[in-house]
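Hi,

Here is the structure I said I'd pass on. Have a look at it first, and my notes follow underneath.

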Amino acid sequence: MVTSPEPAPGEGPVRPVSVSLHEGTIAALKARTGKRGMSAYVEALIQRQLERDRLRELIEDAEAEHGAVDQAAVEAKRAVLRGDTAGSADAA
């Protein structure tokens, strides 16, 4: 028997699920999305969180293999991206 792989986040048929949320969260969600946009908003939030979770796992795997990231080097690269290269000759 051949089973098909599970669809990736954002793929496959849509089906209803039940989740429990605090009343204040529901009110804020409705205020932001309207009653009809709630599902799409929650879907996008969950997909973004899943991406962040996968990225964190990749970072943890890379650090386990190559060691921890040098924070000074990260800050130097951020300075280059922001254009704050003054006084940072070794930033690149």
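A quick word on terms: helices (H or I, at least four residues) and strands (E, at least two) are DSSP runs, numbered from the N terminus. Counted that way, the chain has 3 helices and 0 strands, so the order along the sequence reads α-α-α.

Bear in mind that this is a predicted model, where local features need pLDDT of at least 70 and side-chain atom pairs count only at pLDDT 80 or more, while totals for chains, interfaces and linings use all residues. Residues are numbered from 1 along each chain as its sequence is written, and side-chain values use heavy atoms, with hydrogens and water left out.

Now the helices. α2 covers residues 38–66. Its 29 residues should span 42 Å at 1.5 Å a residue (times one less than the number of residues), and the end C-alpha atoms are indeed 42 Å apart. Right after α2 comes Gly-67, with a positive phi near 95 degrees.

α1 (residues 23–33) meets α2 with the axes, lines fitted to C-alpha atoms over the stretch in contact, coming within 9 Å and crossing at roughly 105 degrees (N-to-C directions, on a scale from 0 to 180). That makes the pair roughly perpendicular (65 to 115 degrees). Leu-29, Lys-30, Arg-32 and Thr-33 of α1 make the contact (heavy atoms within 4.5 Å) with Met-38, Tyr-41 and Val-42 of α2.

As for the whole chain, 8% of its 92 residues are buried (under 20% relative accessible area, 1.4 Å probe, protein chains only).

Cheers

Notes. Parallel < 35°, antiparallel > 145°, perpendicular 65-115°, else oblique. Buried < 20%, exposed > 50% of the residue type's maximum accessible area, 1.4 Å probe, protein only.
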